[in-house]
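Visitor: I have a model on the screen and some questions about it. Can you take me through them one at a time?

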Amino acid sequence: MLLGDPPKLTGMPVSAESAVGHDELAVLKLLALEGGLEGDVKISCSHLADRLNASNQTASRRLQRLESAGLLGRDTVSDGQWVAITDDGERTLHAEYEDYRRIFEANSEIELDGIITSGMGEGRHYISLPGYQRQFEDRLGYEPFPGTLNVDLHDDSVRRRSAIGSLEPVPIDGWEDDDRTYGPAVCYSATIETADGERYDTAHIIAPERTHHDEDQLEVIAPDKLREELGLEDDDHVVVYVGDRQ
């Protein structure tokens with residue numbers, strides 16, 4: 001649980017945020033259409049410039065920005081360059097896809113699956129702190145059980161997780177006491193479904209605000225102890241539906 005980390009430990013690097021805009025995302029989409037998600041693709045700046053209706057210099061500059069942001073890998077050769085979209089680039093495209101899916105589809109939930117795992121026990125401490133507890137009661141409408149349900153996501157769900165950023169979060173403000181500063185967090189409405197089809201609807205996933213740490217794990221809070229309520233043990237499979245179900 002990272003709620004207690006100072007705010008400086010959360011958030012993506014400023015260079016990645018500032019370097020990539022809509023123009024670079026358009027290039028990333030074109031490279032994906034050329035096969036950049038499957039592996040290395042050979043491309044020239046002149047070919048890319050033609051697709052973008054832009055100059056060679058503009059095409060080259062956008063590739064450089066994508067590489068600097070960690071969304072693209074490149075290897076320049078004499079007659080062009082080999083490019084491949086990185087895992088971060090794929091997550092960025094998934095987030096764009098989910099934005100459009102929310103526009104054109106009524107169901108805005110994101111389906112993530114994984115297995116139950118034991119945490120380090122830090123969640124119990126942070127969830128119970130008064131600075132967070134008051135906000136949970138006010139903004140989520142319940143007092144969470146003092147602890148989190150930890151879910152290790154499968155690889156395909158790790159990639160889909162970035163789409164959560166397109167949903168409207170419930171913000172939990174950071175605060176401080178005499179001893180330390182506690183970072184802000186975000187919550188998203190969630191439903192847990194077991195392998196037997198049993199469901200629990202009054203839950204939320206919680207994560208430090210704008211963090212990219214531990215993207216392969218979810219932490220879930222709820223009014224009840226979910227392990228007991230759903231009869232869950234380590235390595236049990238669950239599906240977590242994040243967002244509003246229609």
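Visitor: Is Asp 113 buried, partly exposed or exposed?
Guide: Keep in mind that this is a predicted model. The relative accessible area of Asp 113 is 16%. Buried means under 20%. So Asp 113 is buried.

Visitor: Which residue does Asp 113 meet in a salt bridge?
Guide: Asp 113 sits in strand E4 (residues 110–117), and its partner sits in helix H8 (residues 155–161), so the pair ties together parts 47 residues apart in sequence. The partner is partly exposed, with a relative accessible area of 23%. The N to O distance is 3.9 Å. The residue is Arg 160.

Visitor: How far apart are the closest N and O atoms of Lys 42 and Asp 79?
Guide: Lys 42 lies in strand E1 (residues 41–43), and Asp 79 in the loop between strands E2 and E3. Lys 42 is partly exposed at 38% relative accessibility, whereas Asp 79 is exposed at 51%. The two form a salt bridge. Their closest N and O atoms are apart by 2.7 Å.

Visitor: What is the relative accessible area of Arg 62?
Guide: Arg 62, in helix H4, pairs with Asp 23, in helix H2, 39 residues apart. Their side chains meet in a salt bridge at 3.6 Å, N to O. Asp 23 is partly exposed at 42%. Arg 62 is buried, and its relative accessible area is 15%.

Visitor: How are H3 and H4 oriented to each other: roughly parallel, antiparallel or perpendicular?
Guide: The axes of H3 (residues 45–52) and H4 (residues 56–68) come within 8 Å. They cross at roughly 100°. Angles of 65 to 115 degrees count as roughly perpendicular. H3 and H4 are therefore roughly perpendicular.

Visitor: How many residues of the contact of H3 with H4 are nonpolar?
Guide: On the H3 side the contact has Cys 45, Ser 46, Leu 48, Ala 49 and Leu 52. H4 brings Asn 56, Ala 59, Ser 60, Arg 62 and Leu 63. Of these residues, three are polar and one is charged. The nonpolar ones number six.

Visitor: Which residues does UniProt list for "binding site"?
Guide: The listing comes from an unreviewed entry. One residue lies in the loop between helix H7 and strand E5. Another lies in strand E5. The listed residues are Thr 148 and Asn 150.

Visitor: Is Asn 150 buried or exposed?
Guide: Asn 150 touches residues including Ile 115, Thr 117, Leu 218 and Glu 219. Its relative accessible area is 12%. The cut-off for buried is under 20%, so Asn 150 is buried.

Terms used: Residues are numbered from 1 along each chain as its sequence is written. This is a predicted model: local features need pLDDT of at least 70, side-chain atom pairs count only at pLDDT 80 or more; totals for chains, interfaces and linings use all residues. Side-chain values use heavy atoms; hydrogens and water are left out. Axes are lines fitted to C-alpha atoms, for helices over the stretch in contact, and angles run from 0 to 180 degrees between N-to-C directions. Helices (H or I, at least four residues) and strands (E, at least two) are DSSP runs, numbered from the N terminus. Angles under 35 degrees count as roughly parallel, over 145 as roughly antiparallel, 65 to 115 as roughly perpendicular and the rest as oblique. Contact means heavy atoms within 4.5 Å. Ala, Val, Leu, Ile, Met, Phe, Trp, Tyr, Cys and Pro count as nonpolar, Asp, Glu, Lys and Arg as charged, and the others, Gly among them, as polar. UniProt positions are given in the numbering used here, feature names are shortened, and annotations may be inferred rather than shown by experiment. Buried means under 20% relative accessible area, exposed over 50%, partly exposed in between (1.4 Å probe, protein chains only). A salt bridge is a side-chain nitrogen of Lys or Arg within 4 Å of a carboxyl oxygen of Asp or Glu. Lists of a residue's contacts leave out its neighbours within four places in sequence.
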